[in-house]
Amino acid sequence: MEHFLALLCLLGACLHAWAQCTDPTSEFYLEGEYLIGGLFNIHHSAPVYHDRPEAIACSSQPFLLPNYRMLQLMRFSIEEINNSNNLLPNVSLGYEIFDHCSSQNFPDIFKLISINGLILPWDEPNKRQTHKSKVSKVIAVVGPFTSTQALTVAPLFMVDLIPMISYGSSSSVFSNKAHFPSLLRTVYPNKEVINVIVNIVQHFNWRWVALFNSDDDYGIDGLDLFRKRIEDTEICLAYNKALNDNTDYPLSFKQIEAQRIHIIIVFAPKMAVEALIESAIQQNVTNKVWIADEGWSLNKKLPKKKGIKHIGTVLGVSQPVVTIPGFSDFMYSSKGQAHCENAEPNMFCNQVCNCSSLSAEDVINADPTFSFPVYSAVYAIAHALHKTLQCESGRCNGDITVHPHMVLAELMKSNFTLLNQHIQFYENGDPEFGSYSIVFWNRSGDAEDIGFFRFHPSVNFFINSTKIQWYTNGEVPTSLCSTECGVGFVKKQDGIHKCCFNCEICPKETYINITEDPYTCIKCKETEWSARGSTSCNLRVVEYVAFTDIGAILIMVGVGVLVGLTLAMSVLFAVNYNTPVVRSAGGPMCLLILGCHSLCSPSVFFYFGKPTTSFCILRFLPFLLFYTVCLACFVVRSFQIVCIFKIAGKFPKLHSLWMKYHGQWLFITVAFVIQSLLLLVGYTFAPPKAYNDVLEYPDKIILRCDINLKASFGPVALLFFLCTLCFIFSYMGKDLPKNYNEAKAITFCLLLLILTWIIFVTVKLLYHGKYIQTCNALAVLSSLYSFLLWYFLPKCYIIIFQPQRNTQEYFQGLIQNYTKTISQ
């Protein structure tokens, strides 16, 4: 309670003291019909910790000459408007300016929002609008400078919609009109400054950066915006530190050096930056590029400091320096007058400048960064008041009671030209005018313009790099955590930063597109291929054996010859059906074998041409089915040969049963039925189908038929079983009569058949190109020719050229001689 009473007493004393100083030449006050408030921290806002409520004595803090220059610009602007015949004719503007050195100083704010020294409660709005005398003369406020100050005092002005035009508060939060409905600003928000800084970093291909930010609303907002802005870029924030009174500068510089960071962005106000740079000089920090925000890029003190040239190269983003005509004359005139603050040191709440020793040149030559924002803020308020008072006719309407919200409405519709700048505001109160300059601190200690970033009418970014005198003696410095990978190499992130990586070459069948994603090897499509370290894919060559291929033509001719021979032999055997040679060869079974040979032959044609599912089925189905019948016939035939000469005598009953029930035809039928069922089941669930073989060759697609091994195992196993059984029976007859060589012929044919497929399997294991299909067709054709040439052709030769051996007597003589030999 005591603290609260003390605060009220202090406020009363301040208000009373203000009334005692009415000197019209005071730098803080000018009488006028309409007053504009001004908040300038012409003394440094150092943090002060209290155990009781009290206002800070601003004059005890360090003096800020650039901010004092802003105060003078507000005074000059109002004087210029008062002397104008076009803007606010017959209306005088006044000002109440306060040295708002701390957000904890509220008496000046209370003074601005008071009406005749009183702050009326909000629940009596009608009373404050019943008479003109009940309306505050303060129609708008210019300031404050920092984002923290604006955040603190803005709610007090927002209640009555008193317009605030800040010339330096750039925090993003002020763009939210729901919370700050009457706050406008003549500087761009931090988002735009950060955007320019990121563009500079990207322009020079820097990736590995550090950022120092002030430990306040301005710096924290800048840090958050920077992190969001670089999310989709290749820039990495390698190090970040908030600047305050407890910052360990030597440790920070050691950490930066340890990480090989060469780019340092500093997003902080003047005083914090000066302490940082002075520490960098003391710590002998060299070989760095410093990027300044608009708060210190035009600093007049640091470029002249001893040792500043050794810290590296300083680039910055600044407000364009706009020469304001008449300001110099105003300063010379103003400094020649005596002011109330000099004669009355105990003014309202310590509003003492301590600047009597300053010359006009000192003020004119101070940092001009925020000069035009102050100048344009005052003029925006004047133009809004001009519209409110309906001064377009050349004379203002004095009968209109001006409320702050009326000025705010006109402010939002601002549309005028000032020093070649078209002054307008967006709906959120941000400026729709202006640009940024990009500066370089040259060796003469001056901030030299080297580029610009313009927003209107379109974004335009330019840097003249030839003007920059790099600390590397001409070459642009680099700042990378890892050197860029070579062509065809992918980045594999090493640690938490994407800028730190190892380089790995992309394997074959993949490629890298660094513009899309430098961290991933992209897999080529199935129809494409690539070598190791490729940056693109090549189309694969599609290969298959066409019908026009020379090998295919020769094999198809061979099939035609086979079919022709088969037909000719069938006719020959049919004509000589009752002769001993035909009957010993199998009789009707010969015709069945030759017929099945003809039915197997078409399967060879389907090994050529572009494979389809139907082609793949017909490639295997006819051969497997009808060749099974052929082998079954030869099994039966070899068994009968052995049975006649060896089994019939020893096992007469077995021979009798075999003959009685036609065992040969029963065996052939069973083999055919079993193979048919195996093929039906296998092809129903997993039929052969065409597929693109992309595994064997990186640059080719071989069109093949895919055979399911499980589905094909049964049919192939049956063929193998029949072949083995046939070989056993035929081999048992190797000692039959010399001229009776049926068993020997079958054995020889089987040996050729086995050898053919052994050769094919060997070739298939060693060679995987498209001509393996030609080899497969050749193996099938050879399997058919083996029996045709070595079993049937000799019999045809006997029938045609040796008819004497094709007689019943000849065959009976062979059998009788063999029987005598066995019995002896």
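Helices here are DSSP runs of H or I with at least four residues, and strands are runs of E with at least two, both numbered from the N terminus. With that convention, T579 is found in the loop between α15 and α16. The model is a predicted one, and T579 makes a convenient place to start reading it. T579 is buried, because its relative accessible area of 17% falls under the 20% limit. The side chain of T579 also takes part in a polar contact of 3.4 Å with the side chain of N806.

Stepping back to the whole protein chain, the secondary structure amounts to 24 helices and 25 strands. Of the 824 residues in the chain, 50% are buried. The chain exposes about 38,600 Å², and 59% of this area is supplied by carbon and sulfur atoms. Contacts also reach across the sequence: among those between residues at least 6 apart, 70% join residues at least 24 apart.

The interior comes next. In soluble globular proteins, nonpolar side chains tend to be buried together. In this model, the largest nonpolar core contains 67 residues, and F608, Y627, L631 and F792 have the most contacts inside it. Two or more residues are given to this core by each of α15, α16 (580-585), α17 (588-600), α18 (613-650), α20 (663-685), α21 (709-732), α22 (742-766) and α23 (772-801). Helix α18 provides the largest share, with 16 residues. For a closer look at one member, F608 is in contact with V545, A546, F547, A552, I555, M556, F615, T774 and A777, once its neighbours within four places in sequence are set aside. Another core, of 62 residues, lies apart from this one and includes F40, Y68, M74 and I381.

Helix α15, already met as a contributor to the largest core, spans residues 550-575 and also holds L565. On the surface, L565 joins I553, V557 and V561 in a nonpolar patch, and the four together have about 290 Å² of accessible area. L565 counts as partly exposed because its relative accessibility is 30%, which places it between the limits of 20% and 50%.

A further polar detail concerns S482, placed in the loop between β16 (460-463) and β17 (489-493). S482 counts as buried, since its relative accessibility is 16%. The side chain of S482 reaches the backbone nitrogen of F501 at 3.0 Å. Not counting residues up to four places away in sequence, S482 touches C499, C500 and F501, so F501 appears in both descriptions of this loop residue.

Some backbone features round off the picture. The peptide bond from G143 to P144 is cis, with omega near -5°, and P144 lies in the loop between β4 (138-142) and α5 (147-158). Positive phi values turn up in residues other than glycine as well. R260 has a phi of about 60° and sits in the loop between α8 (249-258) and β9 (263-267), where its relative accessibility of 47% makes it partly exposed. For L419, phi is near 50°. L419 is found in the loop between β12 (416-418) and β13 (421-423), and with a relative accessible area of 29% it is likewise partly exposed.

How values were computed:
Residues are numbered from 1 along each chain as its sequence is written. This is a predicted model: local features need pLDDT of at least 70, side-chain atom pairs count only at pLDDT 80 or more; totals for chains, interfaces and linings use all residues. Side-chain values use heavy atoms; hydrogens and water are left out. Patches are made of residues with over 30% relative accessible area and no salt bridge: like charges are joined within 9 Å, nonpolar side chains (Val, Leu, Ile, Met, Phe, Trp, Tyr) within 5 Å. Accessible areas come from the Shrake-Rupley method with a 1.4 Å probe; for residues, only the protein chains shown count as cover. A salt bridge is a side-chain nitrogen of Lys or Arg within 4 Å of a carboxyl oxygen of Asp or Glu. Buried means under 20% relative accessible area, exposed over 50%, partly exposed in between (1.4 Å probe, protein chains only). A nonpolar core is a set of buried Ala, Val, Leu, Ile, Met, Phe, Trp, Tyr and Cys residues joined through side-chain atoms within 4.5 Å. Contact means heavy atoms within 4.5 Å. A polar contact is a pair of N or O atoms within 3.5 Å; within protein, one must be able to donate a hydrogen and the other to accept it, and residues adjacent in sequence count only if both atoms are side-chain atoms.
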